[in-house]
Amino acid sequence: YEGHNKDLSWISKIQVNHPAVLRRAEQIQARRTVKKEWQGRAAWLLKAVTFIDLTTLSGDDTSSNIQRLCYKAKYPIREDLLKALNMYDKGITTAAVCVYPARVCDAVKALKAAGCNIPVASVATGFPAGQTHLKTRLEEIRLAVEDGATEIDVVINRSLVLTGQWEALYDEIRQFRKACGEAHLKTILATGELGSLTNVYKASMIAMMAGSDFIKTSTGKETVNATFPVAIVMLRAIRDFFWKTGNKIGFKPAGGIRSAKDSLAWLSLVKEELGNEWLKPELFRIGASTLLSDIERQIYHHVTGRYAAYHDLPMS
């Protein structure tokens with residue numbers, strides 16, 4: 001799958017069986033149970049914390065709310081709750097902190113001050129629309145990496161998918177890959193804007209062939225974000241790619257994942273489609289900004305038997 005001059009004509013022949021995908025999604029959503037071998041719900045919830053890319057992507061981000069976010073990433077669950085679960089000192093942190101390029105310096109600085117090496121992920125390439133000049137998009141990646149981002153969440157140019165320009169999409173993502181250097185490339189497909197599940201599969205394949213380390217469902221800014229049917233198609237693409245190449249590519253659902261129950265459904269889905277070996281931060285992330293507070297509330301309830309008041313679990 002490396003190298004240029006490849007024939008991508010097979011891509012246009014792919015067809016996804018839409019009704020079958022919807023049936024599978026319904027099956028999974030009907031089950032939504034936590035498997036017994038995960039020593040109970042609390043352990044499963046703590047596991048979910050370690051997959052979170054704790055995210056803030058707002059126009060009013062400032063260095064102080066980035067600082068709070070970074071502190072929360074290092075100490076995601078209150079100390080006394082972790083002690084009650086015998087999980088204190090187990091180094092439970094979120095998987096990464098995800099911010100806009102202009103805030104990467106703030107995040108790197110805050111995490112360094114907290115004495116912690118959680119990765120900083122930066123969105124780039126004209127996020128969320130991806131409608132800026134290619135030159136600008138590539139420069140944005142380089143600047144974020146220079147400022148210390150070790151993961152880059154790029155957005156693809158949706159128009160290339162909608163008009164079937166697969167070679168152009170491949171070439172563009174190859175350039176993103178090159179601009180990332182050592183940094184991990186997470187490619188956001190913005191699946192709610194790709195028009196069909198067939199396009200989702202094709203875009204997933206191209207993104208992986210072009211060197212993405214992760215494929216991600218959404219920016220969180222589209223009207224439709226992470227859904228199970230889309231995820232099933234992306235996970236099957238990851239599985240097919242693994243069978244063809246032996247390369248394991250990561251998966252990141254994002255947008256609208258707010259409740260602890262939702263996060264468990266996503267873990268369950270990945271476990272069923274790809275197996276336990278994908279359930280580690282190197283291959284699975286959840287993009288979220290408010291999910292962590294609900295998980296912490298659920299853990300609080302598990303430990304104390306009562307529901308937390310707002311002031312019991314402040315942001316940091």
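**View 1. Strand β5 and its neighbour β6 in the predicted model.** T187 has I215 as its bridge partner in β6. The chain passes from β5 to β6 by way of helix α9 (residues 197–209), and the β-α-β crossover formed in this way is right-handed. Strand β6 comprises residues 214–216 and runs parallel to β5, to which it is joined by three bridges.

**View 2. Strand β5 and its neighbour β4.** Strand β4, residues 151–155, is paired with β5 in the parallel sense, and five bridges link the two. Within this pairing, V155 of β4 is found opposite I188 of β5. Strand β5 itself spans residues 184–188 and is mostly covered, with four of its five residues buried.

**View 3. Strands β3 and β4 with helix α6.** Strands β3 and β4 run parallel and are connected by four bridges. One residue pair in this connection is V123 with its bridge partner D153 in β4. Helix α6, formed by residues 134–146, lies across both β3 and β4, and its direction makes an angle of about 160 degrees with β4.

**View 4. Strand β2 and its two covered faces.** In a regular strand, side chains point alternately to one face of the sheet and to the other. Strand β2 consists of residues 96–99. On one side lie A96 and C98, on the other V97 and V99, and all four are buried. Here, buried denotes a relative accessible area under 20%.

**View 5. The partners of strand β2.** Strand β1 (residues 52–55) pairs with β2 in the parallel sense through three bridges. L54 is positioned opposite V97 of β2. Strand β3 (residues 120–124) also pairs with β2 in the parallel sense, again over three bridges. V97 takes part here as well, with V120 as its bridge partner in β3. Together with helix α5 (residues 104–113), strands β2 and β3 make up a right-handed β-α-β unit.

**View 6. The sheet as a whole.** Eight strands form an open sheet with parallel pairing, in the order β7-β6-β5-β4-β3-β2-β1-β8. The edges are occupied by β7 (250–252) and β8 (286–288); each has a single partner strand, so one side of each is left without a neighbour in the sheet. From one strand to the next, the twist averages 25 degrees.

Terms used
Residues are numbered from 1 along each chain as its sequence is written. This is a predicted model: local features need pLDDT of at least 70, side-chain atom pairs count only at pLDDT 80 or more; totals for chains, interfaces and linings use all residues. Side-chain values use heavy atoms; hydrogens and water are left out. Buried means under 20% relative accessible area, exposed over 50%, partly exposed in between (1.4 Å probe, protein chains only). Two strands pair if DSSP finds at least two bridges between them. A crossover is right-handed if, with the strands pointing away from the viewer, the path from the first strand over the helix to the second runs clockwise. Axes are lines fitted to C-alpha atoms, for helices over the stretch in contact, and angles run from 0 to 180 degrees between N-to-C directions. Contact means heavy atoms within 4.5 Å.
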